[in-house]
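Here are a few exercises to work through with the model open beside you. Have a go at each task before reading its solution.

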Amino acid sequence: MEVKSKEKKLKKTPVKCKVRLVGDSNARGLGAMLQTDSTDTIVLTNPGAETDRLRKQAVQRWDEDVLILMGGTNDIRNKTNPAPGILTTVDKVATAHPDRRVFVVEIPPDPKHRRDVRHMNNRLRDKCNKYRNVIFLETGLRSDQMQGVHMNTLGKWQVALRIRNRTDSFFINKNLQYLT
């Protein structure tokens, strides 16, 4: 007599993951670097935008699997107290769609505001850690990967690779489905 196994088998299905990248001028050019055969990337860049404006673009009509939020440089350069705007943005984006994965990219180094950027990144990391669906993404950018407050091509590739390394496991899990 033959006994049939009731074990479920995993099958890899070709599901494209949708990524939305919302950012200031530092997000320019990253979309092409993030695009792979298994992802569709939508990039909304708003040079000179502070995080309040980026947040509005991030949460409207959001049906992507992953949101990547890059900003904060303009807040630090333009405001005496940038923390409320930046931290409120993380709160609102995280709670708008708690079932979606959000990556908040650290604010890139700024030679004129080094201490402020470091302090704000520490606060951002703490804020992101309060949410299950939000991940703070450290870029590890060095000064030779920057041109003033903007990332050069080497810096953008490094950020793109860090983002892809962190999001790959999420995409792999999405593509594994049980056969019934």
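**Exercise 1.** In which loop is Gly-148 found? Work out its surroundings too.

*Solution.* Keep in mind that this is a predicted model.
- Step 1: Find the strands on either side. Gly-148 sits in the loop that runs between β7 (146-147) and β8 (150-151).
- Step 2: Check the accessibility. Gly-148 has a relative accessible area of 45%, so it counts as partly exposed; the class covers values between 20% and 50%.
- Step 3: Look for partners beyond four places in sequence. Gly-148 is in contact with Pro-109 and Pro-111.
- Step 4: Take the distance to Pro-109. The two residues are 39 apart in sequence, yet their C-alpha atoms are 8.9 Å apart in space.

**Exercise 2.** Find the strand that holds Thr-41, then decide: is Thr-41 buried or exposed?

*Solution.*
- Step 1: Thr-41 belongs to strand β3, which covers residues 39-45.
- Step 2: Buried means under 20% relative accessible area. Thr-41 comes in at 17%, so it counts as buried.
- Step 3: Now for what surrounds it. Setting aside neighbours within four places in sequence, Thr-41 is in contact with Val-19, Gly-31, Leu-34 and Gln-35.

**Exercise 3.** Step back and describe the chain as a whole.

*Solution.*
- Step 1: Count the elements: there are six helices and nine strands.
- Step 2: Sort residues by burial. The chain has 180 residues, and 47% of them count as buried.
- Step 3: Consider the contacts with a separation of 6 or more. Residues 24 or more positions apart supply 70% of these.
- Step 4: Turn to the surface. The accessible area is about 10,400 Å², with 49% belonging to carbon and sulfur atoms.

**Exercise 4.** Which residues touch the most other members of the largest nonpolar core, and which element gives the most to this core?

*Solution.*
- Step 1: A bit of background: in soluble globular proteins, nonpolar side chains tend to be buried together.
- Step 2: The largest core here has 22 residues, and those touching the most other members are Val-104, Ile-107, Met-120 and Leu-124.
- Step 3: List the elements that give two or more residues to this core: α2 (51-59), β4 (66-70), α4 (83-96), β5 (101-105), α5 (114-128) and β6 (134-137). The biggest giver is α4, with six residues.
- Step 4: Zoom in on Leu-124. Not counting residues up to four places away in sequence, Leu-124 touches Ile-86, Leu-87, Val-90, Val-104, Ile-107 and Phe-136.
- Step 5: Don't stop at one core. Apart from the largest lies another, of 19 residues, including Val-19, Leu-21, Ile-135 and Met-146.

**Exercise 5.** How do the residues lining the largest cavity divide into nonpolar, polar and charged? Do the same for the largest pocket.

*Solution.*
- Step 1: There is one cavity of 30 Å³ or more, and the largest cavity holds about 60 Å³ of space.
- Step 2: Its lining includes Thr-51, Ile-86, Val-104 and Leu-124. Two or more lining residues come from each of β4, α4 and β5, with α4 giving the most, three.
- Step 3: The cavity lining splits into seven nonpolar, three polar and no charged residues.
- Step 4: The largest pocket has a volume of about 300 Å³. It is lined by 18 residues, and Pro-108, Pro-109, Asp-110, Val-117 and Leu-141 lie nearest its centre.
- Step 5: For the pocket lining, α5 gives the most, six residues, and the split is seven nonpolar, five polar and six charged.

Terms used:
Residues numbered from 1 in each chain as written. Predicted model: local features only at pLDDT ≥ 70, side-chain atom pairs only at ≥ 80, totals over all residues. Heavy atoms only, no water. Helix = DSSP H or I, 4+ residues; strand = E, 2+ residues; numbered from the N terminus. Buried < 20%, exposed > 50% of the residue type's maximum accessible area, 1.4 Å probe, protein only. Contact = heavy atoms within 4.5 Å. Areas by Shrake-Rupley, 256 points an atom, 1.4 Å probe, with all protein chains shown as cover. Core = buried A, V, L, I, M, F, W, Y, C linked by side-chain atoms within 4.5 Å. 1 Å grid on protein atoms, 1.4 Å probe; cavity = no way out; pocket = protein on both sides within 12 Å on 5 of 7 lines; lining within 4 Å. Points joined across faces, edges and corners; volume = space filled by probe spheres on them. Nonpolar A, V, L, I, M, F, W, Y, C, P; charged D, E, K, R; others polar.
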